[in-house]
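User: I'd like to go through the terms used for this model and see what stands behind each one. Can we take it as a chat?

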Amino acid sequence: MRASHTQRGFIAAMLHRLSGIALAIFLPLHFLALATALNGANALDAFLELTRQPLVKFAEWGIVVALAVHMTLGLRVLAIEFFDFHEKTLAALSVCVAAVFAVGFVFILNAG
Amino acid sequence: MSPLLFMAQRLTAFVLALAVSAHLATILYAVRGGLSAGEILARTHGNVAFMLFYGVFVVAVAIHAPIGLRSIIREWTPWRGRTLDLALVLFSLFLLALGFRAVYAVYA
Amino acid sequence: MTAAAAPDSVLEVEIWRGAEDGSFQEFRTPQREHQTVLDLVTEIQREQDPTLSYRFACRVGICGSCAMVVNGRPRWTCRTRVSEVIGGGHRIKLEPLRNFPVVKDLTVEMTQFFDKWKNARGYFEPGKTPAEDFAIVPPASKKRREIDEHIECIGCGVCYSACDVVAWDKDYLGPAALNRAWTLVNDVRDKGNAERLDAISQSEGCQACHTHMSCTEFCPKSLAPTYSIAGLKRAAFRHSLWGKR
């Protein structure tokens with residue numbers, strides 16, 4: 001593997017990019033799901049029933065992780081670009097924070 | 001990308017940092033004990049603050065996402081130029097339309 | 001060339017031969033104490049295959065001519081110990097710098113690299129009228145300190161070789177050209193900053209940088225083009241809003 005592809009900045013950029021793609025694909029689906037409410041609360045409930053399957057729950061968790069990862073790594077980019085941050089380990093920090101979000105969500109899911 | 005696109009992407013990034021934080025916090029709070037349409041709609045029905053918040057959210061995403069996708073497509077595929085820009089403007093309008101429809105669906 | 005003693009081990013060295021099309025050729029050569037990769041290539045070229053093409057000049061880490069990719073990583077061969085790159089093994093792979101057209105074997109064509117330097121306006125612009133007097137630039141001033149952090153670039157091309165965006169977008173100006181442009185943006189004597197900020201914010205300019213930071217990671221002089229480019233992004237931002245630098 002190319003040396004530049006194993007170092008932190010590249011991994012951070014790839015996580016950021018791939019999570020962005022996932023979110024761009026997910027978002028129209030999310031909007032369509034919410035819009036089932038146009039046919040009344042029962043229509044939305046019927047859709048929400050579908051989401052109780054384990055595979056869907058896993059995908060939901062994946063999207064929340066993608067969102068958390070994309071935001072925290074995006075904040076890293078904004079910090080370097082706008083606030084003259086000189087901290088390479090921000091990438092590691094960001095991923096940690098995102099992991100915290102992910103764990104939190106799993107916990108909440110289990111509670112619900 | 002041009003300075004204008006860059007600025008638009010970074011500015012909407014700031015807006016989204018706030019909006020996503022608020023949204024994530026709200027969702028993590030709201031899904032406790034499961035999620036139902038009734039619970040969602042009870043919060044959003046006729047709630048102007050929610051509607052404005054999510055309206056802004058939709059606009060920011062409709063600007064931010066296509067610009068990001070533009071860089072990815074230009075770098076990882078041979079597609080570039082006017083046709084790509086046009087396709088992404090269409091995608092942006094698509095997100096705006098679906099987004100506003102969803103916001104309206106839970107507000108009205 | 002005489003060896004001090006019989007070497008303990010033999011190195012297996014794969015070297016790129018040819019131009020864009022070509023293949024790796026295997027050489028076996030003794031591992032010697034304190035050997036640098038430049039020593040290795042030189043020994044192979046002198047003792048085994050005089051048709052092997054590679055570059056070097058100062059051989060003491062000043063000129064940057066010997067840059068190439070060693071076991072996947074762009075670096076200066078004169079400043080790279082063989083013992084450092086082989087780990088516990090005995091294999092070394094040498095390739096020409098990535099993102100440059102290959103002339104022959106380990107030598108690359110640097111013309112486009114320096115053309116981009118020019119396109120980024122990485123040169124001092126004195127203006128039409130000469131200055132009346134010497135410029136007073138306090139060394140401790142913010143702008144001069146900013147220049148000092150980034151000025152030591154010698155144009156070796158390692159950052160350009162490491163950059164993924166250069167690999168993905170052939171028109172991207174690249175870290176070295178942009179880094180130099182940043183030092184000039186901070187030069188209070190320079191009269192060409194309006195044009196320079198326009199030059200570095202075209203579609204292939206500073207905004208294309210995605211902060212992978214490979215340039216900063218691999219720069220043999222420990223420079224950080226990432227932060228120069230971030231500075232350019234901010235300066236270009238202000239310039240397009242208010243026309244100021």
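Analyst: Sure, here is a walk through the helix pair, the chain contacts, the sheet and the domains.
This is a predicted model, in which local features need pLDDT of at least 70 and side-chain atom pairs count only at pLDDT 80 or more, while totals for chains, interfaces and linings use all residues. Residues are numbered from 1 along each chain as its sequence is written, with chains lettered from A and ligands numbered from 1 in the order in which they are written.

User: Let's start with helices α1(A) and α4(B). Why are they called roughly parallel to each other?

Analyst: The axes of α1 (residues 8-35) of chain A and α4 (residues 82-107) of chain B cross at roughly 30° and come within 8 Å. Axes are lines fitted to C-alpha atoms, for helices over the stretch in contact, and angles run from 0 to 180 degrees between N-to-C directions. Angles under 35 degrees count as roughly parallel, over 145 as roughly antiparallel, 65 to 115 as roughly perpendicular and the rest as oblique. So α1(A) and α4(B) earn the label roughly parallel.

User: And what is the handedness of the crossing of α1(A) and α4(B)?

Analyst: Left-handed: that is how α1(A) passes α4(B). The word applies if the near helix is turned anticlockwise from the far one by less than a right angle; clockwise would be right-handed.

User: Which residues make the contact between α1(A) and α4(B)?

Analyst: From α1(A), A:L27, A:P28, A:F31, A:L32, A:L34 and A:A35 take part, and α4(B) brings B:F94, B:L95, B:L98, B:G99, B:R101, B:A102, B:A105 and B:V106. Being in contact asks that the C-beta atoms, placed from the backbone, lie within 7 Å. By class, the residues of this contact of α1(A) with α4(B) come to 12 nonpolar, 1 polar and 1 charged. For the classes, Ala, Val, Leu, Ile, Met, Phe, Trp, Tyr, Cys and Pro count as nonpolar, Asp, Glu, Lys and Arg as charged, and the others, Gly among them, as polar.

User: Now the whole of chain B against chain A. How many residues does each give, and which element of chain B gives the most?

Analyst: Chain B and chain A put in 29 residues each. On the side of chain B that touches chain A, α1 (3-30), α2 (37-44), α3 (48-76) and α4 of chain B give two or more residues. α4(B) gives the most there, with 8 residues. That side of chain B divides into 20 nonpolar, 6 polar and 3 charged residues.

User: What does the contact of chain C with chain A take from each chain?

Analyst: It takes 15 residues from chain C and 14 residues from chain A. On the chain C side, α9 (214-218) and α10 (225-242) of chain C give two or more residues, and α10(C) gives the most, with 5 residues. By class, that side of chain C has 4 nonpolar, 6 polar and 5 charged residues.

User: On to the sheet of chain C. What makes β2(C) and β4(C) edge strands?

Analyst: The sheet is open and mixed, with 5 strands in the order β2-β1-β5-β3-β4 of chain C. β2 (22-30) and β4 (73-76) of chain C each have a single partner strand, so one side of each is left without a neighbour in the sheet. Strands here are DSSP runs of E, at least two residues, and helices are runs of H or I, at least four residues, numbered from the N terminus.

User: How do you know that the strands of chain C pair, and in which sense do they run?

Analyst: Two strands pair if DSSP finds at least two bridges between them. β1(C) and β2(C) run antiparallel, joined by 9 bridges, and form a hairpin with 3 residues between them. β1(C) and β5(C) run parallel over 4 bridges, with C:E14 opposite C:K93 in β5(C). β3 (residues 67-70) of chain C and β4(C) are antiparallel over 4 bridges, and C:A67 stands opposite C:W76 in β4(C).

User: Last one: where do the two domains of chain C lie, and how far apart are their centres?

Analyst: The assignment, automatic or from a database, gives domain 1 (10-107) and domain 2 (111-242) of chain C. Their centres, taken over C-alpha atoms, are separated by 30 Å. In the contact, 13 residues of domain 1 of chain C meet 14 residues of domain 2 of chain C. On the domain 1 side, β4(C) gives the most, with 4 residues.

Conventions:
Two residues are in contact if their C-beta atoms, placed from the backbone, lie within 7 Å.
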